[in-house]
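User: Could you pick one part of this model and give me a close look at it, then work outward from there? Keep it relaxed, and give me the cut-offs as you go.

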Amino acid sequence: MQTVTEKSAAQLHDYLARLDAPQTYSDESCRQFADIIHRIRVLKAQRNAVVLAHNYQRPEIFEVADFVGDSLELARQATTVDADVIVFCGVHFMAETAKVLNPVKKVLIPDLRAGCSLAESVTADALVERRDALRKTYPDLQIVAYVNTTADVKAVVDVCCTSSNAVKVVNALPTQNILFVPDEHLGAYVQSQTSKNVISWNGNCYVHHQITAENIARVKEALPHAKILVHPECRADVVALADAVLSTSGMVTYAKKSDAEEFVVVTECGLSDRLLLEVPEKKFYKACKLCQYMKMITLEGTLVALEQMKFQVDLDEDVRVGAERSLRRMLELS
Ligand code: SF4
């Protein structure tokens with residue numbers, strides 16, 4: 001988890017220039033960003049607000065974030081801060097998780113269109129129907145849900161998991177048969193690491209699903225000394241080419257601690273940007289794809305969210321309590 005400090009327009013330009021994206025980060029756009037960043041910081045103080053930013057956000061968003069990390073790290077971080085308002089710069093299911101764990105705080109998401117193909121691939125009704133059908137064959141079946149699910153889904157499952165603790169959570173359950181939702185690739189990865197029977201839901205993250213083994217094999221051939229860091233939401237044949245299979249936060253820690261100097265980052269491009277900015281002494285090659293949902297959150301939208309206190313995330317209390325139970329069980333098991 002990273003906290004950030006304020007920069008002048010000139011410092012911001014030098015900082016963002018490392019990303020090699022001159023059209024996006026021109027002198028003029030950096031001046032505009034510096035002005036909006038200042039206005040957001042003033043409003044944060046007036047509203048007693050914190051901004052949480054997911055690793056896949058635009059780099060300029062990191063400049064107004066109090067914390068940068070993965071979704072669960074951020075939601076848990078929010079429980080420890082003395083703020084009345086949480087502005088969640090990420091996608092909708094992540095803002096819901098922040099609300100589940102912080103029911104008395106106002107949680108805002110700057111753009112309601114920031115959804116997720118993976119979270120949308122499973123509904124609570126479809127899941128209950130599948131669970132009941134499978135329990136006729138596997139009476140001990142329990143459901144493990146990746147945190148990339150809606151609060152409605154979290155409320156009907158037995159336990160949640162993240163990409164970094166999924167294997168541990170599955171192994172800690174007192175049952176042999178597991179229905180794993182919603183990511184088929186993470187489910188296949190968990191199956192490869194456990195003797196339990198893991199039945200995967202048929203969903204995927206469209207960002208990681210687009211990355212092919214042919215893409216990565218070509219990069220590996222061109223950069224034989226670089227370590228290949230792969231997210232377990234990738235296809236199994238991509239995971240097989242990895243030097244390390246890691247969550248986004250795991251990649252940050254690995255890159256900082258490793259003796260290696262060069263890395264190929266196989267996940268959403270925002271993480272490559274974060275690494276390029278935070279670890280300038282090492283080289284990071286982008287074998288990544290952009291998530292259109294994550295990029296719907298902008299600096300301008302974050303300013304409007306704080307000015308107008310929108311869009312508020314609200315949950316039915318039964319759903320919130322059910323989702324919290326599944327998240328807390330994950331923390332106990334992992
Ligand atoms: S990167 Fe994939 S899992 Fe993450 S928000 Fe985008 S679509 Fe969803």
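Analyst: Let's start at His 54, which stands opposite Gly 69 in strand 2. Keep in mind that this is a predicted model: local features need pLDDT of at least 70 and side-chain atom pairs count only at pLDDT 80 or more, while totals for chains, interfaces and linings use all residues. Residue numbers start from 1 along each chain as its sequence is written.

His 54 is part of strand 1 (residues 49–54), where 6 of the 6 residues are buried, so the strand is largely enclosed by the rest of the structure. Here, buried means 20 or more other C-beta atoms within 10 Å of a residue's own, exposed means 12 or fewer, and partly exposed is in between, with C-beta atoms placed from the backbone. The cover is on both faces of strand 1: Ala 49, Val 51 and Ala 53 are buried on one side, and Val 50, Leu 52 and His 54 on the other. That fits a general rule: in a regular strand, side chains alternate between the two faces of the sheet.

Who are the partners? Strand 1 runs parallel to strand 2, and 3 bridges join them. With strand 3 (residues 85–89), strand 1 pairs in the parallel sense over 5 bridges, and Phe 88 in strand 3 is the bridge partner of Leu 52. Two strands count as a pair if DSSP finds at least two bridges between them. Strands (E, at least two residues) and helices (H or I, at least four) are DSSP runs numbered from the N terminus.

Strand 2 (67–69) turns up again around helix 14 (residues 269–278). Besides strand 2, the cover over the buried residues of helix 14 includes helix 3 (59–62), helix 13 (248–257), strand 11 and strand 12 (283–286). In helix 14, 7 of the 10 residues are buried: Gly 270, Leu 271, Ser 272, Asp 273, Arg 274, Leu 275 and Leu 276.

Strand 11 (residues 262–266) pairs with strand 9 (residues 227–230) in the parallel sense over 4 bridges, and Lys 227 stands opposite Phe 263 there. Strand 9 also pairs with strand 10 (residues 244–245), again in the parallel sense, over 2 bridges; Leu 229 has Ala 244 as its bridge partner.

Now the wider layout. The protein is divided into domain 1 (9–115 + 294–308), domain 2 (119–204) and domain 3 (211–286), with bounds from an automatic or database domain assignment. The C-alpha centres of domain 1 and domain 2 lie 31 Å apart. Their contact takes 7 residues from domain 1 and 8 residues from domain 2, where two residues are in contact if their C-beta atoms, placed from the backbone, lie within 7 Å. On the domain 1 side, helix 4 (71–78) and helix 5 (92–101) each supply at least two residues, and helix 5 gives the most, with 4 residues.

Next, an open sheet of 4 strands has the order 6-5-7-8, with parallel pairing. Its edge strands, strand 6 (159–161) and strand 8 (197–200), each pair on one side only. Strand 5 (residues 142–146) pairs with strand 6 over 3 bridges, and Val 159 in strand 6 is the bridge partner of Val 144. Helix 16 (residues 317–333) packs on this sheet, touching strand 5 and strand 6, and its direction makes about 65 degrees with that of strand 6. For that angle, axes are lines fitted to C-alpha atoms, for helices over the stretch in contact, and angles run from 0 to 180 degrees between N-to-C directions.

One loop residue is worth a stop too. Tyr 293 lies between strand 12 and helix 15 (299–308), and it counts as buried because it has 22 C-beta neighbours inside 10 Å. Leaving out residues up to four places away in sequence, Tyr 293 touches Val 91, Ala 114, Gly 115 and Cys 116.

Cys 116 also belongs to the ligand's surroundings: of the 13 residues there, Cys 116, Leu 118, Cys 205, Val 207 and Cys 291 come nearest. To be near, a residue needs its C-beta atom, placed from the backbone, within 6 Å of the molecule. The shell divides into 10 nonpolar, 2 polar and 1 charged. Nonpolar covers Ala, Val, Leu, Ile, Met, Phe, Trp, Tyr, Cys and Pro, charged covers Asp, Glu, Lys and Arg, and the others, Gly among them, are polar.
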